[in-house]
Amino acid sequence: MRMGAEVQEVSLNAATAAGQENGSGDSPPAPTSSRLASLLGSKDRDYLLSLDGTQVKISDLEGKVVALYFSANWYPPCRNFNQFLIGAYEQLKRTNGSNFEIVFISCDEDSNAFDGYRAMMPWLSIPFSDLETKKSLTRKFEIEGIPCLVILQPGSGKDIEGMALRNGVELLYRFGMNAFPFTKQRLEQLEREEKEKHDSQTLVNLLTNHNRDYVLSHHGARQVSVASLVGKTIGLYFSAQWCLPCEKFTPKLVPIYHKIKSNHHHENDNFEIVFVSNDRDEPSFASYYAQMPWLALPFGDSNIKTLAKHFDVQGIPCLVILGPDGKTITTNGRSLINLYQENAFPFTDSKVEFLEKQMDEEAKNLPRTKLHGGHRHELTLVSQETGGGPFICCNCEEQGLGWAYQCLDCGYELHPKCVRVVEDHAVGSVG
Ligand SMILES: [Zn+2]
Ligand SMILES: [Zn+2]
């Protein structure tokens, strides 16, 4: 196994400390007029590598917003973010073209891993061999964990470190490329917009329009007034019959829905789900909705597009949870359902915190390593702190978060509940 247990700590302090000890990180900047050139170049290199290996002059980056991207191929949260970043980057290149660039600083262990990772990246890289520059950047920007995206503003001159934003990963996950150009003004504007959206959000605004004040139901008059749902916890279920992950998730959600309803019926039936259909035609909608015991917006309703945009739904299935006040509790109801089933209700931060603590307690009794029937390497128990960030479970193909069994060799990752333990260690014989 390539990684020792200590490597699971994704702290780059070790690298930083090493740089300080041998004093090599303090080498004076190359004699150049440009701050950027001295940050990203070395005494014998004034260029970066592009995807196809050609050299791009660092001076070409002058005047652009430059994001320094610290990442490693072996670490699943980096690979997840990398996928996301590629999409965002390509989107931004289409709209803002030449004003933005990303520079990859590899935290991989060897040049093969670096080459493989870089082959996916449409942006620029610092050559793997230049460990000095990597060390000095890691120290200058106080990089403590990866993935990390440090955003440098053009024209920040001498104070380039002071003006740098270190929370690029968080900003991108939150606002996408809308955050561009990452200036204080832009970010304040986005915060303001988010707050206004939040303040004006009510269940009635979200689910009704001028022509319709009800949602569909399988029961009684086949309609339920939206007003009668006010005060409940509501799940908006974005889904479609043609979507394979939806086809898997819906049958899991149905019994959980019934359990939540029956566990909490004394609280006056305070949970409901509304299906927001992305189906392509009415017959598919009708046959898909027939599998669901909950409510639905009518097929093709004008609110469907508005809701998807409002909650920035990028993919389905997606379960958005609204609190009794009509405000968003989470857009990640799907992964909470996967992690905690009916116990996730009412999906609030305090409930999730409680469940996480409970899971931490349970994890104390789990074996540190396991062999799983579907994978040839040994799996190691990891938590969010030790490398178990958001992941896709290779068994149930659903999202996971926090505790996981992870293959340190190839990143294969499972929910603890999804491990099918192999009793004997006859690894070669299992599929
Ligand atoms: Zn799973
Ligand atoms: Zn493996």
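User: Which residue in S18 is the bridge partner of valine 382?
Analyst: We're looking at a predicted model, where local features need pLDDT of at least 70, side-chain atom pairs count only at pLDDT 80 or more, and totals for chains, interfaces and linings use all residues. Residues are numbered from 1 along each chain as its sequence is written, while chains are lettered from A and ligands numbered from 1 in the order in which they are written. A strand (E, at least two residues) or a helix (H or I, at least four) is a DSSP run, numbered from the N terminus. Within S18, valine 382 has as its bridge partner alanine 404.

User: How many bridges join strand S15 to strand S18?
Analyst: Strands of a sheet pair through backbone hydrogen bonds, either parallel or antiparallel. Two strands count as a pair if DSSP finds at least two bridges between them. S15 covers residues 378–382 and S18 covers residues 404–406, and they run antiparallel. Threonine 380 also has a partner in S18, glutamine 406, and the number of bridges joining S15 to S18 is 3.

User: What about the other neighbour: how many residues lie between S14 and S15 in their hairpin?
Analyst: S14 and S15 pair in the antiparallel sense, over 3 bridges. One residue to look for is lysine 370, whose bridge partner in S15 is leucine 379. The two strands form a hairpin, and the number of residues between them is 6.

User: Which strands sit at the edges of this sheet?
Analyst: The sheet is open, with 4 strands in the order S14-S15-S18-S19 and antiparallel pairing. An edge strand pairs on one side only, and that fits strand S14 (369–371) and strand S19 (413–414).

User: Zooming out, how many helices and strands does the chain have?
Analyst: The chain has 431 residues, and 33% of them count as buried. (A residue is buried if 20 or more other C-beta atoms, placed from the backbone, lie within 10 Å of its own, exposed if 12 or fewer, and partly exposed in between.) As for secondary structure, it comes to 14 helices and 19 strands.

User: Which residues have the most contacts inside the largest nonpolar core?
Analyst: A nonpolar core is a set of buried Ala, Val, Leu, Ile, Met, Phe, Trp, Tyr and Cys residues joined through C-beta atoms within 7 Å. The largest one here has 45 residues, and the elements giving two or more residues to it include strand S3 (65–71), helix H3 (76–96) and strand S4 (100–106). Apart from it lies another core, of 37 residues, with Leu207 and Val226 among them. Back in the largest core, the residues with the most contacts are Leu68, Tyr69 and Val103.

User: Which residues does tyrosine 69 touch?
Analyst: Touching means contact here: two residues are in contact if their C-beta atoms, placed from the backbone, lie within 7 Å. Leaving out residues up to four places away in sequence, tyrosine 69 touches Ile102, Val103, Phe104, Ile105 and Leu149.

User: Is tyrosine 257 buried or exposed?
Analyst: You'll find tyrosine 257 in helix H10. Not counting residues up to four places away in sequence, tyrosine 257 touches Ile273, Pro293 and Trp294. There are 21 other C-beta atoms within 10 Å of tyrosine 257, so it counts as buried.

User: And proline 251, is that buried or exposed?
Analyst: Proline 251 is in helix H10 too, which spans residues 244–263. Its C-alpha atom is separated by 8.1 Å from that of glutamine 291, 40 residues apart along the chain. Proline 251 has 9 other C-beta atoms within 10 Å, so it is exposed.

User: Does the length of helix H8 add up: what span should its residues give?
Analyst: The expected span is 1.5 Å times one less than the number of residues. H8 has 17 residues (184–200), and its end C-alpha atoms are 24 Å apart. None of those residues is buried, the count being 0. The expected span agrees with the distance between the ends, because it comes to 24 Å.

User: Phenylalanine 182 isn't a glycine, but its phi is positive; what is the value?
Analyst: Phenylalanine 182 lies in the loop between H7 and H8. With 22 other C-beta atoms within 10 Å, phenylalanine 182 is buried. Its phi is about 65°.

User: Which residue does a cis peptide bond join to isoleucine 146?
Analyst: Omega of this bond is about 0°. The partner is found in the loop between helix H5 (131–140) and S6. The residue joined to isoleucine 146 is proline 147.
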